[in-house]
Amino acid sequence: MSTWNSRGLRGSTLEEFINHSNETYLSHGLALIQKVPTPITPIKIDKQTRHITLAYFEQKSTVDYIGVVQGVPVCFDAKECAADTFPLQNIHEHQVAFMETFEKQQGIAFLLIYYTHKDMMYYMPFAELKKFWERMQNGGRKSFRFEELDPVNILKPSRGIMVPYLDGIARDLQSRD
């Protein structure tokens with residue numbers, strides 16, 4: 001079992017911890033990963049503060065993060081799950097299509113799923129996501145259960161890195177050889 005609650009993930013966002021991990025990897029020269037901004041169109045702007053007070057999303061976004069790790073292109077999306085069952089409706093078809101195309105271009109695509117009730121982070125290689133996605137497309141379950149996941153892909157914080165996804169990428173690359 002991981003030590004997330006003693007290390008402080010609670011009370012903060014998953015995104016903040018991924019961003020911190022990204023900064024740590026960058027400072028050690030291991031990876032350059034950036035958050036993909038969600039394009040918006042402002043509708044109302046407060047003239048005093050110049051803050052956007054109302055906006056809408058322009059288009060479907062692809063994934064949350066994109067970059068390169070030691071010369072290997074990577075992209076991933078981050079999700080939270082509060083139960084043992086993860087609904088595939090939390091992933092959009094255009095995201096799966098983007099990840100599949102990314103992998104066809106020799107990149108690595110994956111999901112990071114934080115199981116909040118277990119205080120556990122899971123690295124899901126695209127091949128595993130695709131298996132569940134195709135099962136759903138063929139009339140099967142519209143979700144997957146935690147028990148169906150490979151325990152080897154559970155990420156444990158180490159060396160001051162809360163979301164050590166480079167460990168998952170390393171395993172992912174080894175499984176492709």
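# Exercises on a predicted model

A nonpolar patch of about 240 Å² on the surface is formed by Leu26, Leu32 and Val68. The structure is a predicted model, and the exercises below refer to its computed features.

## Exercise 1. The patch residues

Task: Determine in which helix leucine 26 lies, and whether leucine 26 is buried, partly exposed or exposed.

Solution. Step one places the residue: leucine 26 belongs to helix H2, which covers residues 14-27. Step two takes its relative accessible area, which is 48%. Partly exposed residues fall between the limits of 20% and 50%, so leucine 26 is partly exposed. Step three turns to another member of the patch, Val68. Valine 68 stands opposite proline 73, a residue of E5.

## Exercise 2. The order of the sheet

Task: State in what order the strands of the open sheet are arranged, and identify which strands stand at its edges.

Solution. The open sheet has six strands in the order E1-E4-E5-E7-E8-E10, and its pairing is mixed. Strand E1 (31-35) and strand E10 (154-155) each have a single partner strand, so they stand at the edges, and one side of each lacks a neighbour in the sheet.

Now consider the pairings of E5. E4 and E5 run antiparallel and are joined by five bridges. E5 and E7 run parallel, with eight bridges between them. Two residue pairs illustrate the pairing with E7: phenylalanine 76 stands opposite phenylalanine 110, and glutamate 80 has tyrosine 114 as its bridge partner. As for solvent cover, eight of the ten residues of E5 are buried.

## Exercise 3. Two positive phi angles

Task: For glutamine 70 and aspartate 119, give the phi value, the location and the degree of exposure.

Solution. The background is that most residues other than glycine have a negative phi.

- Glutamine 70: phi is positive, at about 50 degrees, although the residue is not a glycine. The residue lies in the loop between strand E4 (65-69) and strand E5 (72-81). These strands form a hairpin with two residues between them. With 58% relative accessibility, glutamine 70 is exposed.
- Aspartate 119: phi is positive here as well, near 55 degrees. The loop that holds aspartate 119 connects strand E7 (108-115) and strand E8 (120-125). Its relative accessible area is 4%, so aspartate 119 is buried.

The two residues thus contrast in cover: glutamine 70 is exposed, whereas aspartate 119 is buried.

## Exercise 4. Cysteines and disulfides

Task: Establish how many disulfides the structure contains, and whether cysteine 75 is buried or exposed.

Solution. A disulfide is a covalent bond between the sulfur atoms of two cysteines. A search of the whole structure returns zero disulfides. Cysteine 75 has a relative accessible area of 0% and is therefore buried. Cysteine 81 is also buried, with a value of 5%.

## Exercise 5. Salt bridges

Task: State how many salt bridges are found in the whole structure, and describe the surroundings of the pair formed by glutamate 103 and arginine 176.

Solution. Side chains of opposite charge can pair when their charged atoms come close. The search finds nine salt bridges in the whole structure.

In the pair of glutamate 103 and arginine 176, the N to O distance is 2.7 Å. This pair links distant parts of the chain, 73 residues apart: glutamate 103 is in helix H3, and arginine 176 is in helix H5 (residues 165-176). H3 itself covers residues 93-104. Glutamate 103 is buried at 17% relative accessible area, while arginine 176 is partly exposed at 38%. Leaving aside residues up to four places away in sequence, glutamate 103 touches Ile108, Ala109, Phe126 and Arg176.

Other salt bridges follow:

- Aspartate 77 and lysine 79 meet at 2.9 Å, N to O, and both residues are buried.
- Aspartate 167 and arginine 159 form a salt bridge whose closest N and O atoms are 3.9 Å apart. Aspartate 167 is partly exposed at 28%, and arginine 159 is exposed at 67%.
- Glu100, Lys130 and Glu134 are joined in a network of salt bridges.

Conventions. Residues numbered from 1 in each chain as written. Predicted model: local features only at pLDDT ≥ 70, side-chain atom pairs only at ≥ 80, totals over all residues. Heavy atoms only, no water. Patch = residues over 30% accessible without salt bridge, like charges linked within 9 Å, V, L, I, M, F, W, Y side chains within 5 Å. Areas by Shrake-Rupley, 256 points an atom, 1.4 Å probe, with all protein chains shown as cover. Salt bridge = Lys/Arg side-chain N within 4 Å of Asp/Glu carboxyl O. Helix = DSSP H or I, 4+ residues; strand = E, 2+ residues; numbered from the N terminus. Buried < 20%, exposed > 50% of the residue type's maximum accessible area, 1.4 Å probe, protein only. Disulfide = S-S within 2.5 Å. Pairing = 2+ DSSP bridges. Contact = heavy atoms within 4.5 Å.
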